[in-house]
Amino acid sequence: MSRTLDLEVIREHLEAKRRELLEGVSRARQVTSEESEAGAPDIADRATSAFQRDFSFYVSENEARMLRLIEEALARLDNGRYGVCVSCSQPIEAPRLQALPWARHCIACQELQDRGEL
Ligand SMILES: [Zn+2]
């Protein structure tokens, strides 16, 4: 397997994932409006930030986070900074980017972050 990243393949992968998430959002939105017509539970205390009010209300926190990471990765593809660890500025390992094209950190920094040390 080539060590060289095919950025067009990465971009397609990211855009496909983004579409998938956005379709999930519109489905969730439909369900939510049906629920509120039927007398939904009080949602006011769920909205703890402007971002959540505007968007996360409709999706799980994980999906919202994933969507942000994907948008950021696409922006980095556009500005030529894709594939560089945001923490240590080293190139992120190619197999990691192929598995997780929205990764922001190299493996070493991700491990530190997972342990809360970053
Ligand atoms: Zn790093």
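Start by selecting S89: this residue is exposed, because just 10 other C-beta atoms lie within 10 Å. "Exposed" here means 12 or fewer other C-beta atoms within 10 Å of a residue's own, "buried" means 20 or more, and "partly exposed" is in between, with C-beta atoms placed from the backbone. Look at the backbone too: S89 has a positive phi of about 65° although it is not a glycine. You'll find S89 in the loop between α3 and α4 (94-99).

Before moving on, a word on what you have open. This is a predicted model, in which local features need pLDDT of at least 70 and side-chain atom pairs count only at pLDDT 80 or more, while totals for chains, interfaces and linings use all residues. Residues are numbered from 1 along each chain as its sequence is written.

**Zoom out**

Show the whole protein as a cartoon. You should see five helices and zero strands, running α-α-α-α-α from the N terminus on. Helices (H or I, at least four residues) and strands (E, at least two) are DSSP runs, numbered from the N terminus. Of the 118 residues, 13% count as buried.

Now colour by pLDDT, the predictor's confidence in each residue, from 0 to 100. The protein averages 82, and 75% of the residues score at least 70. Where is confidence lowest, and where is it highest? Helix α2 (residues 50-54) is at the bottom with a mean of 48, and helix α5 (residues 107-114) is at the top with 96. Select residues 45-53 as well: pLDDT stays under 50 there, and the model has six contacts beyond four places in sequence for this stretch. A contact means that the C-beta atoms of two residues, placed from the backbone, lie within 7 Å. Across the protein, among contacts between residues at least 6 apart in sequence, 53% join residues at least 24 apart.

**Along α3**

Next, select residues 61-79, which form helix α3. Its 19 residues reach 27 Å from the first C-alpha to the last, close to the 27 Å expected at 1.5 Å a residue. That expected span is 1.5 Å times one less than the number of residues.

Highlight L67, I70 and A73, which are buried in α3. Seen down the axis of α3, the buried residues fall within an arc of 125°, so they line one face of the helix. The arc is that of the directions from the helix axis to the C-beta atoms. An α-helix has 3.6 residues a turn, so residues three or four places apart point the same way. Spin the view to the face turned away from the buried side, and there are the exposed residues E61, A75 and N79. Just after α3 comes G80, with a positive phi near 80°.

**Into the core**

Select L14, L67, I70, A73, Y82, I92, L97, W102, A103, C106 and C109: these 11 residues make up the largest nonpolar core. α3 gives the most to this core, with three residues. A nonpolar core is a set of buried Ala, Val, Leu, Ile, Met, Phe, Trp, Tyr and Cys residues joined through C-beta atoms within 7 Å.

Stay with I70 for a moment. Which residues does I70 touch, not counting those up to four places away in sequence? They are L14, K17, R18 and W102.

**Across to α1**

Follow that contact to K17, in helix α1 (residues 7-37). K17 counts as partly exposed, because 17 C-beta neighbours sit inside 10 Å. Try the distance tool between the C-alpha atoms of K17 and M66: they are 49 residues apart along the chain and separated by 9.2 Å.

E20 is also in helix α1, and counts as exposed with 12 C-beta neighbours inside 10 Å. The C-alpha atoms of E20 and L67, 47 residues apart along the chain, are 9.9 Å from each other.

Then go to R27, another stop in helix α1. Is R27 buried or exposed? R27 is exposed, with 12 other C-beta atoms within 10 Å. Between the C-alpha atoms of R27 and V59, 32 residues apart along the chain, the separation is 9.6 Å.

**Last stop**

Finish at C106, in the loop between α4 and α5. C106 counts as buried, because 22 C-beta neighbours lie inside 10 Å. Leaving out residues up to four places away in sequence, C106 touches C85, C88, Q90, I92 and E93. And here the tour meets its starting point: the C-alpha atoms of C106 and S89, 17 residues apart along the chain, are separated by 8.9 Å.
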